[in-house]
Amino acid sequence: MSNFASRTAPRESALVRWSLTAGVLVFLGLFLVLPLAAVIAEALGAGLRVYWESITEPDALSALRLTFLVAAIAVPLNMVFGVCAAWAIAKFRFRGRGLLLTLIDLPLAVSPVVSGMVYVLLFGLHGWFGPWLRERDIEIIFALPGIVLATIFVTFPYVARELIPLMEAQGNEQEEAALVLGASGLQTFVRVTLPNIKWGLLYGVILCNARAMGEFGAVSVVSGHIRGKTNTLPLHVEILYNEYNTAAAFACASLLAMLGLVTLVAKQVVGRLARGAQDDGVGSELLAGGGAR
Amino acid sequence: MSIRVSNITKRFGRFIAVDDVSLTIPDGQLVALLGPSGSGKSTLLRIIAGLEQPDTMGEKGKAAAAIHLAGAEVSATKVAERGIGFVFQHYALFRHMTVFENIAFGLRVMPRATRPTKGEIAERVNELLGLMQIDSLGGRLPSQLSGGQRQRVALARALATKPSVLLLDEPFGALDAKVRQGLRKWLRKLHDEIHVTSVFVTHDQEEALELADRVVVMNRGRIEQEGTPDELFHRPATPFVAEFLGQVNLIKGHIHNGHAILAGNVTLPHNAPGLVTDGRQARLYIRPHEIELSATALSHGLPVRLLRVRLAGPTVKVEALGPDSQTLDIELSHDRWRQLNLNPGDEAFARPSDVRIFPDDYAI
């Protein structure tokens, strides 16, 4: 394979190289850059004043606040769950390990709409726990808890998926060394495991956060679209768009797009820092590979 | 501190890694666990450390597994509390910590009540850096060290908490031959200075024989033989030990009147041990340097034809073809070889000066 590559790759004619590169660039331009530019152009099309008003009107601010709040709850929880799951899967061999691994991937496999429906089925008015919850005046569906639950479900795999290959590659030896040296389980985790996975963890958290803020399908099902109350930013964009309020919709969409750009930059920075820190290459290779997912 | 393990069995699925092993390691000695890969030596070491638990379900009639350190039973004691220093095969250095922090780790994680002060920790680490002759490396990261230096850091880290037992898993396995030689001598010297009871695992018989006070030879989860290097080399108790330790020729023969008879009707003068009775097939182990070579006929000498001669090295190595097409490796001094005035292709006579005889049905 490598022979093949090294023999042919450098000898490709200039024409082939240029046309391939050009093809990729055109594709990227058409499908990635152009839409992004269109979003910003549309957002600013009606003037800066309209833009500013659209993103500072109470409903938009409320949606922005809710989006941040949901992410602020869901991401730390998924960070803890993700580390626990990755730890269990990477460091131990037990019955049902394969099943657990599959379950972690479940949210990636099912449509977000289905994820949302599951919660409606469980906690909705006519759901399994619906009557029980209503008696106690606990609101889950069409309220913050439902949105948080749906977001947690959808974003669960990101941290764990990032950490499992990293932790598997690192093995158990350093933890064993710490234990033999007298460290407690907690000391071992804080002093040995965590520093070894910190870049991977941060990377996973960034991806998890990006998905949490941008999630539409699952949240849409459980939110109820109550303006100023249960609308997250993506839902708010949709409502505005459906109301033919294009300028405002694109203004809010540009906020989401910017969150995405910030995520990309943060990802790059973390990746670069990690490559600097992980001298033996294990971590950074995995990080670089993780970006392809 | 002495180590005593009794009736240790460990299975991984169907594979029996350690099979009912009992072993005593006297205080202050440097002991080698020697065996091929899969012989259970590393598992036994990890069980002593507490990194693996021995199987508790003993079979009927077998005594319960027990591990004693300095006379105290520690099976239920946690790894952290056994007071053991462990050097891992690939060192397992904390790669995000400097050499200094690696060595200080065991001291820093001590409970507050017994933890030394910062100054005391620094003093102990510097003392160890000196002992390991790596004074200048305290500020480096493990990735900036050579294999031999990492090995020393791993050792210093294991010794920092003053363990009463030091366990080393293939301590030289990941090093190249030259570095290995040097570190081997150095470790022996270190042990003579600090006298901590040490057990190391190795698959290299030369390493075990050169370094250890006692050697425990393991095969298929069991102990084949245990003794000083001298005992093992000169008086192997089983064919496995005879074959595993050093170069050896295996020749088949049979027993008649208490003596071994080889192909070509050559009788050896050596007495067969009691368990090899008359009429039985026997395996004879003869070391290359324990064969006398002569150009003229010798009593009890095998007629051989010389095939190949290698002169490079401290001794002359001759490959000869015996009766019944058995090849025989012979080693002799350069002086003796010149005296003999023989060449490849010549006929000669080979007489074993020492031979170990085992019954042929012995399973290896």
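## The main core

Start with the largest nonpolar core of this predicted model: among its 106 residues, Ala32(B) and Leu167(B) are the ones that touch the most other members. Both domains of chain B chip in here, with at least three residues coming from domain 1 (3–243) and at least three from domain 2 (247–359).

Leu167(B) is worth clicking on. Leaving aside residues up to four places away in sequence, Leu167(B) touches Leu45(B), Ile48(B) and Ala49(B), then Ile84(B), Gly85(B) and Phe86(B), and also Val199(B). A separate core of 64 residues lies apart from this one, and its members include Ala43(A), Leu202(A), Ala212(A) and Ala253(A).

## Where the chains meet

On to the contact between the chains: chain A puts in 15 residues and chain B 19. On the chain B side, strand E6 (84–87) and helix H2 (99–108) are the elements that give two or more residues.

What is the make-up of the side of chain B that touches chain A, in nonpolar, polar and charged residues? The split is 13 nonpolar, five polar and one charged.

## How confident is the predictor?

Chain B has an average pLDDT of 87, and 95% of its residues score at least 70. Among the elements of chain B, strand E9 (residues 214–219) has the highest mean pLDDT, at 95. Strand E13 (residues 266–271) of chain B has the lowest, with a mean of 75.

As for the complex, the predictor gives an ipTM of 0.80 and a pTM of 0.78.

Key
Residues are numbered from 1 along each chain as its sequence is written. Chains are lettered from A and ligands numbered from 1 in the order in which they are written. This is a predicted model: local features need pLDDT of at least 70, side-chain atom pairs count only at pLDDT 80 or more; totals for chains, interfaces and linings use all residues. A nonpolar core is a set of buried Ala, Val, Leu, Ile, Met, Phe, Trp, Tyr and Cys residues joined through C-beta atoms within 7 Å. A residue is buried if 20 or more other C-beta atoms lie within 10 Å of its own, exposed if 12 or fewer, and partly exposed in between; C-beta atoms are placed from the backbone. Domain bounds come from an automatic or database domain assignment. Two residues are in contact if their C-beta atoms, placed from the backbone, lie within 7 Å. Helices (H or I, at least four residues) and strands (E, at least two) are DSSP runs, numbered from the N terminus. Ala, Val, Leu, Ile, Met, Phe, Trp, Tyr, Cys and Pro count as nonpolar, Asp, Glu, Lys and Arg as charged, and the others, Gly among them, as polar. pLDDT is the predictor's confidence in each residue, from 0 to 100.
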